[in-house]
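Grab a coffee and open the viewer. Here are some short exercises, each followed by a worked solution.

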Amino acid sequence: MAEQSESPTKSVMEKIIEKVHHHESSSSDSELDSDKPDPLESVKAKIWRLFGREKPVHHVLGGGKPADVFLWRNKKVSAGVLGFVTAMWVLFELIEYHLLTLVCHILILAAALLFLWSNACTLINKSPPRIPEVHLPEKLVLQVASALCVEINSAFAGLRSVAAGKDYKKFLMIIAGLWVLSIVGSSCHFLTLFYICFVLLHTVPVLYEKYEDKVDPLAEKAMVEIQKQYAVFDAKVLSKIPVASLKAKRV
């Protein structure tokens, strides 16, 4: 009888041990599966991206609040910025209001209101208004100046390499870009051109981020075709242009 009573308890214990081992093996398999890279992510990483970028659009735009504004992360802020710039463009371009006149009128109105408010407060025995002290932080000014200095130096370095006749491809790109810019500048004012660029910054990045999987294959085909045409142009024209050797340049 004792042996018969022990046998069912042993069988129950064996079942429990088997379930525990099965649970441990399944959990270890799931951990191994989680450690394995996702094939979809690896395929997405290998997809050709516009301009050869390897980072998200938000990071390409510099990250932070400016990128959030351009990508409409906060729709109220982005709409407010776009509405303010649109109002300024309408005021200066369509109504033909001058910037210096606008600044002077705003300062006159602000100074008159504050002057009258301060005198009125002294007459009715109330505390005068607290006018805040406005000052630019030195750190911000230095950061902006440093960023502008880096960009200007890189532009000068690019122009120097183009002027030295070392890179025909960059030379043609700069000539074509300046030619297109001259055509656009002759048809519209600088303020209108600035407004168009601003609107494009508020529309193109967010649309590209939304449809990048459809845009990138088309851009890849276009880049391949451009490279083919450039190779033909290089073989027929650029390769026949005599280039002085390094020794002759040194002499």
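**Exercise 1. Place Ser 78 and decide whether it is buried or exposed.**

Before starting, keep in mind that this is a predicted model.

- Step 1: Find the element. Ser 78 sits in helix α5, which covers residues 75-94.
- Step 2: Check accessibility. Ser 78 has 0% relative accessibility, so it counts as buried, the cut-off being under 20%.
- Step 3: List the contacts. Once neighbours within four places in sequence are set aside, Ser 78 touches Asp 68, Val 69, Trp 72 and His 202.

**Exercise 2. Look at one of those contacts, Trp 72, and say what stands out about its phi.**

- Step 1: Locate it. Trp 72 is in the loop between α4 (64-70) and α5.
- Step 2: Read the backbone. The phi of Trp 72 is near 60°, which is positive even though the residue is not glycine.
- Step 3: Check accessibility. Trp 72 counts as partly exposed because its relative accessibility is 27%.
- Step 4: Try Glu 96 too. Glu 96 is in the loop between α5 and α6, and it has a positive phi of about 60° without being a glycine. At 60% relative accessibility, Glu 96 counts as exposed.

**Exercise 3. Work out how the rings of Trp 89 and Tyr 195 are arranged.**

- Step 1: Recall what to look for. A pair of aromatic rings is described by the distance of the centres and the angle of the planes.
- Step 2: Count the candidates. Searching the whole structure turns up two aromatic pairs.
- Step 3: Take the numbers. For Trp 89 and Tyr 195, the centres are 4.8 Å apart with 10° between the planes, and the pair is stacked. The cut-off for stacked is under 30 degrees.
- Step 4: Trace the chain. Trp 89 belongs to helix α5 and Tyr 195 to helix α9 (residues 190-210), so this pair links distant parts of the chain, 106 residues apart.
- Step 5: Check burial. Both Trp 89 and Tyr 195 are buried.

**Exercise 4. Which residues make up the largest nonpolar core?**

- Step 1: Name the members. This core has five residues: Leu 82, Val 85, Trp 89, Tyr 195 and Phe 198.
- Step 2: Assign them. α5 and α9 are the elements that give two or more residues, and α5 has the largest share, with three.
- Step 3: Zoom in on Val 85. Leaving out neighbours within four places in sequence, Val 85 contacts Tyr 195 and Phe 198.

**Exercise 5. Describe how α9 packs on α10.**

- Step 1: Get the geometry. The angle between α9 and helix α10 (residues 212-236) is about 95°, and the axes are 5 Å apart.
- Step 2: Classify it. That angle makes α9 roughly perpendicular to α10, since 65 to 115 degrees is the range for that label.
- Step 3: Find the contact. α9 supplies Tyr 208, Glu 209 and Lys 210, while α10 supplies Glu 212, Val 215 and Asp 216.
- Step 4: Sort by type. Two of these contact residues are nonpolar, none is polar and four are charged.

**Exercise 6. Zoom out: how many helices and strands does the protein have?**

- Step 1: Count. There are eleven helices and zero strands.
- Step 2: Check burial. Of the 251 residues, 13% are buried.
- Step 3: Look at contact range. Take the contacts between residues at least 6 apart in sequence: 56% of them join residues at least 24 apart.

Methods
Residues numbered from 1 in each chain as written. Predicted model: local features only at pLDDT ≥ 70, side-chain atom pairs only at ≥ 80, totals over all residues. Heavy atoms only, no water. Phe/Tyr/Trp six-rings, centres within 6.5 Å; stacked < 30°, edge-to-face > 60°. Helix = DSSP H or I, 4+ residues; strand = E, 2+ residues; numbered from the N terminus. Buried < 20%, exposed > 50% of the residue type's maximum accessible area, 1.4 Å probe, protein only. Axes fitted to C-alpha atoms, helices over the stretch in contact; angles between N-to-C directions. Parallel < 35°, antiparallel > 145°, perpendicular 65-115°, else oblique. Contact = heavy atoms within 4.5 Å. Nonpolar A, V, L, I, M, F, W, Y, C, P; charged D, E, K, R; others polar. Core = buried A, V, L, I, M, F, W, Y, C linked by side-chain atoms within 4.5 Å.
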